[in-house]
Every structure is written in structure tokens, then in C-alpha cells.
Amino acid sequence: NRKRPPAALLDYVTHTTCPNVHAPDDRSVMETLEALPYQIRSTRAFMGTQIPYRIGPSQLGCRENPYGKATAPNPDNARVCLSRIDPRQRGLFNAAWIVGYVAAFARGGVEAVALGAPTGPFGHIYRRTDFSQPYFDTLAQEAVYPSFHVLAGLASLSGKPLRELALSADGTIEAIAATDGGNTILWIANLTAEARRVALPSAVRSVALLDETTFGLATTDADALQKLRAPAKDRLLDLGAYAVACCEIGAG
């Protein structure tokens, strides 16, 4: 905004976002998703509607401090503003946040979204590093974080037609759906620390749930999502704190 380049010379426009600049608590960070549609509108007002628009790389942690020479230190692995290390990157919180993040930019017509990095403080695959990860450091094998499964699932839908959907609980539940062959794949996330009950479409066939009860499998098996997929028992789905569900819905 302060130094707008001449739009006619650009092949595409891109920028990143950071949700922990002003407040690091869970509610404030998750609420930054509500600002994304307005960022899209502002950017489009600057660049017009004809130039491709891309986002990233974005993640919970802060890649660069716009207000200082370096990001904030975080030796205790806590929730700290403007820190590269955010403990929620490795938990269910990040999985839910990514569903909301991608959904907002997909609805806004953004061409591509890049999230974090494969490994490291912005990563989705565990490697032994110089910052503390007590749970993961106890695992004998390499591990993935819950967000890995969300990224893998959403990446498989890249280029597929989006489906329109309606939510009755703004700010607490987020979702994104796309047509894949004859089915619709629906991703749903609980954006809150409170348990939520969701009514699914009547044609739902199967559900794979990432929550506190499946966390162990989700972090030790890269194919956990397929192993967690089970026939839907009914249309009501209980989502624990920051839980994420991947649902398969039949045609019609």
C-alpha cells in the first residue's frame, strides 16, 4: 500500500500474512482469519482484477519482523508475538487454522496459496531441530504434524471445482468443499477450543477425523487420514477443540 508498483508491469501479485503480530493468544490468532476477505478486497483494489493473485509463504510463526531487525526470541516454546517458533504449528490448532486460511483465499479467487515450509519451525514434517518439541522428541521414527494431512488432502483438490456451501456458525466453524470425480470432498474445522456439533449434508458417505483421540496416529503415520476414514454413522458430527474432519459426499 505504501509503495505500490505499477500494476501493468506485473505477472502476478503476492504477499504473505502473519497472524501473531499483535496478540499471541489462541482466540486472537484464530480470529485473524476474519480479516482475510478484507485483505483480498484491499489488494484487488490496488492491483485490479486481471492480474493473478497468490498468497504466501504464510504460517503461524513470524518469518520476518516488520517492526525490528529480528523476530522475537522464544526460548520457552511459548505463545509469543512476532516469534518464528509457535508451538501451535505442531498441533491440531494449525490444522484447523489452515482449513480456514485456504477456504478464505479460495473463496476470494486467489490463484495459489503457499503455507510454511516442509520442515523446521514453519514445517509440517518433524525433524530433530534446535527447538524443543517434547512430545515429538520421544518418537522413535520420523513424524508428521496434523497439518500435514490437511495440506496433503487440500493439495489433491488443487484445480478442482469449488462447491458453494453455507455455514450457520460464523467464526466457530470453517469449511471448504470441492468436486473430485463424482464425489464432493468436504473439509470442516472447529476454530474454537470448545466442542462443537455439526450437521453434515445428507449424502455424506465417510468421515476421517483429526482430533485429540486420533492425534497419536496422525503424528506417526503419513497415511493416517486414509486409515481413519470410516463410514458415516449419521449426519451429526462432534468436533473437539480445533478438530478437523475430511468428509466424502456422494453425488446428488
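Which residue in β8 is the bridge partner of Val207? In this predicted model, the partner of Val207 is Ala230, and that pairing is a handy way into the sheet.

**The sheet**

Strand β7 covers residues 204-210 and pairs with β8 in the antiparallel sense, over 2 bridges. Helix α5, made of residues 146-155, packs on the sheet and touches β4, β5, β7 and β10. The direction of α5 makes about 150° with that of β5.

Let's look at the sheet as a whole. It is open, has 5 strands with antiparallel pairing, and follows the order β4-β5-β10-β7-β8. At its edges are β4 (173-180) and β8 (230-231), each of which pairs on one side only. Strands β7 and β10 also run antiparallel, joined by 6 bridges; here Leu209 of the pairing stands opposite Ala245 in β10. As a reminder, strands of a sheet pair through backbone hydrogen bonds, either parallel or antiparallel.

How many of the 7 residues of β7 are buried? The count is 6 of the 7, so β7 is largely enclosed by the rest of the structure.

**The helices on the sheet**

Helix α3 (residues 92-107) lies across β4, β5 (183-190), β7 and β10 (244-249). Relative to β4, α3 runs at about 65°.

Back to α5: its buried residues are Pro146, Ser147, His149, Val150, Gly153 and Leu154. Why do these residues lie on the same side of α5? They do so because they cover an arc of only 155° around the axis. The background is simple: an α-helix has 3.6 residues a turn, so residues three or four places apart point the same way.

**Aromatic rings and charges**

A search of the whole structure finds 3 aromatic pairs. Trp97, Tyr101 and Phe105 form one aromatic cluster. Aromatic rings also meet charged side chains here, with an arginine placed over the ring in each of these cases:

| Charged end | Ring beneath | Distance from ring centre |
|---|---|---|
| Arg54 | Tyr12 | 3.8 Å |
| Arg88 | Phe93 | 5.2 Å |

So which ring does the charged end of Arg54 sit over? That ring belongs to Tyr12, and the charged end is 3.8 Å from its centre. For Arg88, the ring is that of Phe93, with 5.2 Å to the centre.

Note on methods: Residues are numbered from 1 along each chain as its sequence is written. This is a predicted model: local features need pLDDT of at least 70, side-chain atom pairs count only at pLDDT 80 or more; totals for chains, interfaces and linings use all residues. Side-chain values use heavy atoms; hydrogens and water are left out. Rings of Phe, Tyr and Trp (its six-membered ring) pair if their centres lie within 6.5 Å; planes under 30 degrees apart count as stacked, over 60 as edge-to-face and the rest as tilted. A charge sits over a ring if NZ of Lys or CZ of Arg is within 6 Å of the ring centre and within 35 degrees of the ring normal. Two strands pair if DSSP finds at least two bridges between them. Helices (H or I, at least four residues) and strands (E, at least two) are DSSP runs, numbered from the N terminus. Contact means heavy atoms within 4.5 Å. Axes are lines fitted to C-alpha atoms, for helices over the stretch in contact, and angles run from 0 to 180 degrees between N-to-C directions. Buried means under 20% relative accessible area, exposed over 50%, partly exposed in between (1.4 Å probe, protein chains only). The arc is that of the directions from the helix axis to the C-beta atoms.
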